[in-house]
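Thanks for asking me to look this one over. My comments are below as numbered points, so you can follow along in your viewer.

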Amino acid sequence: MEDSDQESDISADSLQNEPGELTDKVVSKCLSNRGYSADGTELVYLDLGLENKNLTNVALLENYRFIQNLDLSNNKLRDVSVLSSLKFLLNLDASNNLLESLPCLEGPFNLLSADFSCNHIMDISRIGRVPSLLTLNLDNNQVTTIHGLDGCSSLKELSLNHNSVSVISGLNQLPLQTLRLSHNSLRRISGLEELGKLQILHLSHF
């Protein structure tokens with residue numbers, strides 16, 4: 001009888017969530033680094049590692065607003081718009097997913113780094129105003145045009161290796177120190193004249 005009841009509970013749990021949907025149970029096993037929230041009012045978990053979970057839906061993250069370091073790498077995500085709810089997010093890894101466009105990242109107040117490498121991203125113009133962002137990794141995507149990054153006014157490191165960028169543009173307002181554009185489709189090398197703080201430039205195999 002107990003076995004039957006247990007099977008019923010398991011069946012009920014499986015019906016409540018779609019395959020690939022993030023659950024509180026999964027989150028509870030992946031939280032780490034307990035500390036005080038950014039506003040200093042609560043003792044919370046600050047890190048959440050959800051890599052390699054076959055996730056397709058992470059809407060539940062809106063309930064974990066104090067997360068500062070989030071790893072969503074190696075999943076099957078096509079939508080990460082929930083990131084706008086994570087106001088205290090500092091570091092994000094969303095590499096190796098199925099994203100086709102860069103999401104708006106205006107929600108987090110102090111986002112420092114974002115890794116969107118190894119997706120299917122073609123459009124990066126939706127990123128929005130993210131003045132705190134220092135590092136953005138877009139390696140191994142399908143970006144053809146660099147556009148919409150002017151709101152990332154503190155961006156120091158941009159990596160676009162292995163894309164389809166044909167013209168270097170849209171960077172003249174950024175304080176870039178490192179720019180990686182190897183393995184692209186550049187027709188000519190220009191547009192670097194106004195990058196006065198540039199220290200490291202990778203342009204091989206263009």
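**Notes on the predicted model**

1. Let me begin with the cysteines. Searching the whole structure turns up zero disulfides. Please keep in mind throughout that this is a predicted model. For Cys104, the closest cysteine sulfur belongs to Cys152 and sits 10 Å from its own, which is too far for a bond, because a disulfide requires the two sulfur atoms to be within 2.5 Å. Cys104 counts as partly exposed, since its relative accessibility is 38%. Cys118 is also classed as partly exposed, in this case at 29%.

2. Next, the sheet. Nine strands make up an open sheet with mixed pairing, in the order E1-E2-E3-E4-E5-E6-E7-E8-E9. At its edges are strand E1 (31-36) and strand E9 (200-202), each of which pairs on one side only. On average, neighbouring strands in this sheet are turned by 10° against each other, with direction ignored.

3. The E1 end is a good place to start zooming in. E1 and E2 run antiparallel and are joined by five bridges, with Tyr36 standing opposite Leu43 in E2. The two strands form a hairpin that has six residues between them. In the turn, Gly40 has a positive phi of about 75°.

4. How do E2 and strand E3 (residues 69-71) pair, in the parallel or the antiparallel sense? Their pairing is parallel, over three bridges. Leu48 is the residue that stands opposite Leu70 in E3. E2 thus takes part in an antiparallel pairing with E1 and a parallel one with E3.

5. At the other end, strand E8 (residues 178-180) pairs with E9 in the parallel sense, again through three bridges. Here Leu179 is found opposite Leu201 in E9.

6. You may like the second largest pocket, which holds about 150 Å³ of space. Its lining consists of Leu31, Arg34, Glu42, Leu43, Val44, Tyr45, Asn63, Tyr64, Arg65, Phe66 and Ile67. By class, these lining residues divide into seven nonpolar, one polar and three charged. Which strands supply at least two residues each? They are E1 and strand E2 (43-49), and E2 gives the largest share of the lining, with three residues. Leu43, then, both lines this pocket and faces Tyr36 across the hairpin pairing.

7. Two backbone angles deserve a look when you check the loops. Asn74, in the loop between E3 and strand E4 (91-93), has a phi near 60°, a positive value in a residue other than glycine. With a relative accessible area of 35%, Asn74 is partly exposed. His162 also has a positive phi, of about 60°, although it is not a glycine. Its place is the loop between E7 and E8, and its relative accessibility of 37% makes it partly exposed.

8. Finally, another histidine. Where is His147 found? It lies in the loop between strand E6 (135-137) and strand E7 (157-159). Is His147 buried or exposed? At 53% relative accessibility it counts as exposed, because the threshold for that class is over 50%. If you want a distance to check in your viewer, the C-alpha atoms of His147 and Val58 are separated by 27 Å, and the two residues are 89 apart along the chain.

Key: Residues numbered from 1 in each chain as written. Predicted model: local features only at pLDDT ≥ 70, side-chain atom pairs only at ≥ 80, totals over all residues. Heavy atoms only, no water. Pairing = 2+ DSSP bridges. Helix = DSSP H or I, 4+ residues; strand = E, 2+ residues; numbered from the N terminus. Axes fitted to C-alpha atoms, helices over the stretch in contact; angles between N-to-C directions. 1 Å grid on protein atoms, 1.4 Å probe; cavity = no way out; pocket = protein on both sides within 12 Å on 5 of 7 lines; lining within 4 Å. Points joined across faces, edges and corners; volume = space filled by probe spheres on them. Nonpolar A, V, L, I, M, F, W, Y, C, P; charged D, E, K, R; others polar. Buried < 20%, exposed > 50% of the residue type's maximum accessible area, 1.4 Å probe, protein only.
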